[in-house]
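User: Could you take me through one part of this structure slowly, showing how a single strand fits in with its surroundings? I am in my first year, so please connect each step to the one before.

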Amino acid sequence: MAEKTILKRETNLDFNKPKMYKVILLNDDYTTMDFVVEILITVFHKNAADATKIMLDVHQKGRGIVGVYTYDIARTKIALVEKMATEREFPLAAVMEPE
Ligand code: TYC
């Protein structure tokens, strides 16, 4: 009984449900398609087929969700995209939005 009350309180306070963030990849005119696919495979752990599909979708629509993560993971992945893109002198960028 007491256990049930505690569980309900926790559920109401969303203790076990962290806020999640969509990571959104942005299109641009300069980053190569191959590099975007490479990013989707290495940073977002997509397979080659899914990475290609997502890249083409972002290319056509301007932006697209590549994953949903906790705040810290989303921030880290966005920073990694920026670092890898800067190293290759591509303007590729990703942003995050609350789910
Ligand atoms: N538009 C780029 C091109 O034509 C390819 C591209 C796709 C760039 C997705 C960024 O997030 C992106 N080379």
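**A close look at strand S1**

Analyst: A good place to begin is one pair of residues: in this predicted model, Leu25 stands opposite Gly64, which belongs to strand S2. That pair is part of a longer arrangement, since S1 and S2 run alongside each other in the antiparallel sense, with seven bridges between them. S1 also pairs with strand S3, residues 93–98, again in the antiparallel sense, and here there are six bridges. Within that second pairing, Lys22 has Glu97 of S3 as its bridge partner.

We can now turn from the partners of S1 to its two faces. In a regular strand, side chains alternate between the two faces of the sheet. In S1, the covered face carries Tyr21, Val23 and Leu25, while the uncovered face carries Met20, Lys22, Ile24 and Leu26.

Val23, on the covered face, leads us to the largest nonpolar core, which has 18 residues and in which Val23, Ile39, Leu40, Ile54, Met55 and Val81 have the most contacts. At least two residues of this core come from each of S1 (20–26), helix H2 (33–42), helix H3 (48–61), strand S2 (63–70) and helix H4 (71–87). The largest share, four residues, is supplied by H3. To follow one core residue further, Ile39 touches Val81, Met84 and Leu92, if residues up to four places away in sequence are not counted.

Finally, for the wider setting, an unreviewed UniProt entry lists residues 17–94 as "domain: Adaptor protein ClpS core". Over residues 17–94 the chain is 53% helix and 22% strand, and the C-alpha atoms at the two ends are 24 Å apart.

Note on methods. Residues are numbered from 1 along each chain as its sequence is written. This is a predicted model: local features need pLDDT of at least 70, side-chain atom pairs count only at pLDDT 80 or more; totals for chains, interfaces and linings use all residues. UniProt positions are given in the numbering used here, feature names are shortened, and annotations may be inferred rather than shown by experiment. A nonpolar core is a set of buried Ala, Val, Leu, Ile, Met, Phe, Trp, Tyr and Cys residues joined through C-beta atoms within 7 Å. A residue is buried if 20 or more other C-beta atoms lie within 10 Å of its own, exposed if 12 or fewer, and partly exposed in between; C-beta atoms are placed from the backbone. Two residues are in contact if their C-beta atoms, placed from the backbone, lie within 7 Å. Two strands pair if DSSP finds at least two bridges between them.
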